[in-house]
Amino acid sequence: MISVDRRATAFVVARSAGVFAGAGVAQALARIAGPSIKIRLLLRDGERFRAGQALMRVSGRLREILRLERTLLNLLGRMCGVATLTRAFVDRTRGTAARIRDTRKTTPGLRALEKYAVRCGGGDSHRAGLFDAFLAKDNHVAGLVPDRMAAAIARGAAAARRKRKLSFTMAEVDSLRQLESLLRIRPAAVDAVLLDNMSAAKLRKAVALRDLLAPRVKLEASGGVTLRTVGAIARSGVDFVSVGAITHSAPQIDLGLDIKPAQRRALRR
């Protein structure tokens, strides 16, 4: 039985190396866990940590610390995992102008936290869903030949711009013919084009086509991007590379809550 008044000090410790994300989440959870909880952060969001390093100091009533423990470790482990994998992709694109972006492939209920973690890892989070920007996916224009597809997208983007303020307009294509049809529309049908599942060689042709017909349109490569392939994709000249894996497949970083030895002895009594 743990006394209501028993106090303790504990540290959140990393069991493996990674990139930190979740300082604000930790502070918010501490306020929920109990009024006695105080958290002292030992590094900032976006900073790297090594295995065995303490990430934060937690002090307060022991009951409240234990109430906080599992939720804190679960959310921090998830966010640090996303930030760490994002940083690995960003590191593979060094020397290019391409930026790593996330997708909408996120854990239900955790999208805002995971997208924030992407930014902590050095990536870009450019939309939350299909409501804050115009995005014409392949399923939206399925069955249309390239010229009709481009015309339909141009009409849809123009109508969306008239109805609301958008961050950007984008269309997805999976062939150079579709891309060319979009790029030939004046004024530009969309602000950016998503190039789906194209090889690095095909991406280079897409970049050359864009540079010739509509230099202001941004190009984003997407589809099955891995740590092995992202470097070549980035070197093709695209502006962005979107990677679903940084959210849907990021390994959890193993974190532990280590109570100081004196408190462990007290807990056993």
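Biologist: In this predicted model, what covers the buried residues of helix 1?

Modeller: The buried residues of helix 1 (residues 23-33) are Ala 23, Val 25, Ala 26, Leu 29, Ala 30 and Ala 33. They cover an arc of only 160° around the axis, which puts them on the same side of helix 1. What covers these buried residues includes strand 3 (38-41), strand 5 (54-61), helix 2 (62-92) and helix 3 (111-120).

Biologist: Which residues are exposed on the other side of helix 1?

Modeller: Buried here means under 20% relative accessible area, and exposed means over 50%. On the side of helix 1 opposite its buried residues, the exposed residues are Arg 31 and Ile 32.

Biologist: What distance separates the end C-alpha atoms of helix 4?

Modeller: Helix 4 (residues 146-163) has 18 residues, which at 1.5 Å a residue should span 26 Å. The model agrees with that expectation, as the end C-alpha atoms of helix 4 are 26 Å apart.

Biologist: How wide an arc do the buried residues of helix 4 cover around the axis?

Modeller: An α-helix has 3.6 residues a turn, so residues three or four places apart point the same way. In helix 4, the buried residues are Met 149, Ala 150, Ile 153, Ala 154, Ala 157 and Ala 160. They are on the same side of helix 4, because the arc they cover around the axis is only 135°.

Biologist: Which elements do the buried residues of helix 4 pack against?

Modeller: The face of helix 4 turned away from its buried side carries the exposed residues Arg 148, Arg 155, Arg 162 and Lys 163. The buried residues of helix 4, in turn, pack against strand 7 (134-136), strand 8 (169-173) and helix 5 (176-183).

Biologist: Which elements give two or more residues to the lining of the largest pocket?

Modeller: The largest pocket holds about 320 Å³ of space. Of the 21 residues that line this pocket, the closest to its centre are Thr 103, Lys 105, Lys 137, Ser 222 and Ser 242. The elements that give two or more residues to the lining are strand 9 (192-196), strand 10 (218-222) and helix 8 (245-248).

Biologist: How do the residues of the lining of the largest pocket divide?

Modeller: Gly counts among the polar residues in this division. The lining of the largest pocket comprises four nonpolar, nine polar and eight charged residues.

Biologist: What is the volume of the largest cavity?

Modeller: The structure holds one cavity of 30 Å³ or more. Among the residues that line the largest cavity are Leu 182, Ile 185, Val 193 and Val 217, and by class its lining has nine nonpolar, no polar and no charged residues. The volume of the largest cavity is about 50 Å³.

Terms used. Residues numbered from 1 in each chain as written. Predicted model: local features only at pLDDT ≥ 70, side-chain atom pairs only at ≥ 80, totals over all residues. Heavy atoms only, no water. 1 Å grid on protein atoms, 1.4 Å probe; cavity = no way out; pocket = protein on both sides within 12 Å on 5 of 7 lines; lining within 4 Å. Points joined across faces, edges and corners; volume = space filled by probe spheres on them. Helix = DSSP H or I, 4+ residues; strand = E, 2+ residues; numbered from the N terminus. Expected span 1.5 Å × (residues − 1). Buried < 20%, exposed > 50% of the residue type's maximum accessible area, 1.4 Å probe, protein only. Arc of directions from axis to C-beta. Contact = heavy atoms within 4.5 Å.
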